[in-house]
Amino acid sequence: MEKIGLPMPVLRTPTVDPGEEFTAHSEDALLDTFDRRARDLRISLTDFCNLRCTYCMPEEGVEFMSRDSAMSGDEIVRFVRIAVEKFGVDQVRFTGGEPLTRKDINDIIAGVAALEPRPNIALTTNAIGLDKRAAGLKEAGLDRINVSLDTIDPETFQTMTRRPFLKRVLEGIDGAKAAGLDPVKINAVLLPGVNDAQAPDLLQWCLEQDLSLRFIEQMPLDAGHSWDRTSMITAADIFALLEPRFVLTPDSAPRNGAPAEKFLIADRRRPDTILGTVGIIASVTRPFCADCTRTRLTAEGRVRTCLFSRTEVDLLTAMRDGASDESIANLWKGAHWKKLAGHGMDTDSFEQPQRPMSAIGG
């Protein structure tokens, strides 16, 4: 079979002088100097997680933020309202840590669902406890859900998460489906010599369960800073792992800035019958920075223009000091205006962010 590849990224040149400061008179949208417009807001609800995934957090955990440092539910809804009304944001994803550990998550989702215009609301979770909460989340206004699941083998799951909770995660996925959350997407990270050989089995299981699987290249966001580009499982490796069992054909549907490149899947024994799709998120080897549409808020209300940023702009302090919606919007715009062309992982000068994924939000 001909080797499938992704197009190499093309970085745009700035449409304005990068040194030019954003002013309150700029267009009423969340723009950067490369003319990218952010319409997708990712908000971390907490840095706490009840798993200890090896590629995210050390076994002993990390020092979690205090409750007072995190945004309240009302503050989160206000930030989303500003983003929707001032910037035209139409996609909101709640992340963590583990967002289901927020007791007020239903109220937060309901508050966002009540906004006009109403954004699409998604959640990324490890699904522990989701079986008991999915119906309430759906009723509150949750539209879509992503579940982090790297393996369906109990021993491998415990090795990767340092917790024996696979059964609870699978129950959570069943609960999400029963509640009518559609689609349910599965996010999987492959680690060399740990779960990489299980990739075809995981894809087969997802196809049988009517779940949409997305493989994600391991990113340099681990707390121990042990990430090594030379040993990670790349998109090319993922293709090689899947090809003996499956035929992958690029999906012709527009990507529209989505992080996942989608492929139609067929069993190699029946190549003319499409069984579903699989996504490959190749943030490291095939970056899609030129079409990025995302802006991020950490759990303590700080803007990050990229997962791999080493700088943040504090909006929560301004909000708590009585800043108006307009002032907060201009602070946010000013931060986003300085968004870099790309994360720079392909350069010798790249430095891993000091904070791990659990503290940033996906």
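This is a conversation about one arginine and the strands around strand 5 in a predicted model.

Colleague: What should I know about the numbering and the model?
Modeller: Residues are numbered from 1 along each chain as its sequence is written. The model is predicted, with local features needing pLDDT of at least 70 and side-chain atom pairs counting only at pLDDT 80 or more, while totals for chains, interfaces and linings use all residues, and side-chain values use heavy atoms, leaving out hydrogens and water.

Colleague: Why is Arg93 said to have no salt bridge?
Modeller: A salt bridge requires a side-chain nitrogen of Lys or Arg within 4 Å of a carboxyl oxygen of Asp or Glu; the nearest side chain of opposite charge to the buried Arg93, Asp40, is 6.0 Å away, so the criterion is not met. Buried means under 20% relative accessible area (1.4 Å probe, protein chains only).

Colleague: What makes the pair Arg93 and Asn146 a polar contact?
Modeller: Their side chains are joined at 3.4 Å, and the definition asks for a pair of N or O atoms within 3.5 Å, where, within protein, one must be able to donate a hydrogen and the other to accept it, and residues adjacent in sequence count only if both atoms are side-chain atoms.

Colleague: How do you know that strand 4 and strand 5 pair?
Modeller: Strands are DSSP runs of E with at least two residues, and two of them pair if DSSP finds at least two bridges between them; strand 4 (residues 144-148) and strand 5 have four, in the parallel sense, so they qualify. One of the bridge partners is Lys185 in strand 5, opposite Asn146.

Colleague: What makes strand 5 mostly covered?
Modeller: In strand 5 (residues 184-189), five of its six residues are buried.

Notes: Buried means under 20% relative accessible area, exposed over 50%, partly exposed in between (1.4 Å probe, protein chains only). Lys and Arg count as positive and Asp and Glu as negative; His and the chain ends are not counted.
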